[in-house]
Structure formats: structure tokens, C-alpha cells
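Biologist: I would like a close look at one part of this model: its nonpolar core. Please set it in context as you go.

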Amino acid sequence: MGETRSDDRPDGDDAEHTSTDGRTRSADLADRVRAAREGLDPLHVPVMLDRIVELLAPALTEPGAVLVDGTLGLGGHSEALLKACPEMRLVGVDRDTSALERSARRLEPYADRTRFVHTVYSDIPGALDEAGVGRAQAVLLDLGVSSPQLDETDRGFAYAHDAPLDMRMDRTQELTAADVVNTYPVAELTRVLRVHGEERFASRVARAIERRRSKGPLDSTTELAELVREAIPAATRRTGGHPAKRTFQGLRIEVNAELSILEDALPAALSRLAVGGRIAVLSYHSLEDRRTKRALADLAKDTTPADLPVPLPDRQPELRLLTRGAELPTDEENEQNPRARSARLRAAERVRGPSR
């Protein structure tokens, strides 16, 4: 994968242009990024904030331009863009009602430019319809589990704290991690851990869970973490972080249908992205990043049949990739924010309307 850091961007991406007051466009953006950072919660600096603002702000300069933040979370990226782009409006989407409540409080100074919608981000078209918006000028998807979901111990996302096996991003849904652990057949549980968790020892872990649940329900995060640790060979446990991290990832993805939702969300979001609009996606593991890469790359190709002498207008690329491969956080950001280490950023601009 041709990955670049944020200080090593492709030629022509946000190239400098002299503005009417003699300043460059990139200098204007730098000023706006600095301004956007002021006042952000010092305990939560959003991942790759500067680069997200740099990528999306050019599409949000016109009055009434709309940003859809499909995974609003704490609202840090949206706050920065609202501050950097005073003419834009926000449609903030999240499946977690707690996240919507927190973000509404955080973004209260921008109440006249914000609209919040409780739905899953695969329904961005429905969220836009609810907000009375036809097309979005920018879409942001910051995938995976949010900091509050990890930090709130009763949510059951973290193996470092004892809590019920919950892991629901949307607490109004029924399926929990305890349901998966206690009711899935061993073969299906093995699939979840192998495919979603990328766990090499999925069958060993699944069989250990089966033995344990035969004695009664398994509903504790710390008990599950210890069970996984014991199921994985000792030599493997000594490297690669906590032995239970892949099992917890697999269960979380299954409970929240994260990959199937992402598969639906990318084409849905792109279908409502205006020409000249931009999309940015932050992924945190290879399963998400591969799907994002494919969805953007497929629409960035000329699909004219090779045997035709001239390109067909309706087969020209719909997107222009703004990142070369997946961009990574800087070393400095990784030091300041350990949760940024696994982030991968991809972005694109719509250059042609969707094919019919």
C-alpha cells in the first residue's frame, strides 16, 4: 500500500493559488486550522485534525455548504470545521444517543448552523432528507469505537475494566456482546473472531468460550479477557499487545454490524456528495481500510472499454483521489495521542455526477 504522511502529499493536491490579497490558499488554510484548534477539549484532540480540516475546508467555503459528519462522536472534527468555515452548516449523525447529547452541548455556540440526527451512518441520505438537504459538500466518516465508548467502563468495550459484555454503540438495539458469546454456535463464533477480529487462534478461543458458557452465562469483560489469554499459546501472548484485543474487536464489529454498515454507507454517502464535494474516511484496522480503498478507487477509474478509440463521457472517473494510498498520523501526533496510531486516512473529491 502506497502510504504517505500528511507532510508528503501528492503533487497537485490543494496546490497553492494566489488569492486577491496576495496570500496563498494554503496559507489561508493554515491560519484557519490554527484557529480551529483553539478551544478544543484538551483531553480529546481528534485524530488527524489538521489534515481533515485541510482536506474538507475547501469544499465548505460557500454560504450554506453542508458537512455531514456521519460518526459525530465527541464532535471535535465538526467543531474545528464549523470554526474554520463560518458559512457552512453541519448535519451531525450518530447511532449513539449519548454522543449526540454530548456533541449538542459542545456545539451549542453553533446551534444556528447544526442539525443532529440519530441514525446509523449508512442512512446518510435519510439524514440529509430529514434535514431538508439535497446534496452535501463534504462527508466525514471517523470509523470504529469512539473515545467515550472506550472510556465509559459500563459500555463493555474495553478489556481493561470489568463491565457487562455489552459493546452496543446504539443502546436502543437488542443484540449485545453477551448474546454473541453465549448463544452463537461454536462455528459461527469462530467465524466472527477469525473474520472480524483477525484472530489466528479463533477456534481455540471459541472452544474455550463454549466450555465456560456450559457452566453458566459469560457476561464479564474481565472474565472473557482472562479466558482468551489462557486460550492463546504462551509464546504468542508475549508479543502484539493484549491477547484479548482481537477477540474484543471481533465481537464489537459483530454486535454493531460495522463492516456491513460501512459497505452500505460509502456508496450511500457518495451518492449524495455534490460535484466538487469531498469525502474523508478515517479507518482504524485493515478491514475498514480495504473497503474504503476499494469504494473510492472504483469510482476514480475510467471504465471506458479498452477496445474503444475514445473515452466515453459517462465512463469517466467520478472521483479524484486526494490522498496517495492511506495517509498516517505524524510521529508527533502518535506521541501525543496513542489512539491515533492505527489511523489510516483516505479522501477523494467528486469531479463528475454519479452515473445513472
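Modeller: Here is the core, followed by two helices and the limits of the model.

This is a predicted model: local features need pLDDT of at least 70, side-chain atom pairs count only at pLDDT 80 or more, and totals for chains, interfaces and linings use all residues. Numbering runs from 1 along each chain as its sequence is written, and side-chain values use heavy atoms, with hydrogens and water left out.

First, the frame. The protein chain has 15 helices and 9 strands (DSSP runs, numbered from the N terminus: helices are H or I with at least four residues, strands E with at least two). Of its 356 residues, 51% are buried (under 20% relative accessible area, with a 1.4 Å probe and protein chains only).

Now the core. A nonpolar core is a set of buried Ala, Val, Leu, Ile, Met, Phe, Trp, Tyr and Cys residues joined through side-chain atoms within 4.5 Å. The largest one has 32 residues. Ile52, Leu56, Leu60, Leu67, Leu81, Met88 and Leu282 have the most contacts inside it. Helices H2 (49–56) and H3 (76–84) each give two or more residues, as do strands E5 (136–142), E6 (273–283) and E9 (344–350). H2 supplies the largest share, 5 residues.

Take leucine 282. Beyond its neighbours within four places in sequence, it is in contact (heavy atoms within 4.5 Å) with partners including Val47, Ile52, His77, Leu141, Ala343 and Leu345.

A second, separate core has 29 residues, among them Tyr184, Val192, Leu193 and Ile209.

Next, helix H10 (residues 221–231). Thr221, Leu224, Ala225, Leu227, Val228 and Ala231 are buried there. Down the axis of H10, these buried residues fall within an arc of 160°, so they line one face of the helix (the arc is taken from the directions from the helix axis to the C-beta atoms). The cover over them includes helices H7 (177–183), H9 (202–213) and H12 (245–256).

H12 turns up again at helix H14 (residues 286–299), where the cover over the buried residues also includes E6 and E9. Those buried residues of H14 are Leu287, Glu288, Asp289, Thr292 and Leu296.

Last, confidence. Mean pLDDT (the predictor's confidence in each residue, from 0 to 100) is 86 for the protein chain, and 86% of residues reach 70 or more. It stays under 50 over residues 1–26 and over residues 35–43. Where pLDDT is low, the predicted coordinates should not be read in detail.

Key
Buried < 20%, exposed > 50% of the residue type's maximum accessible area, 1.4 Å probe, protein only.
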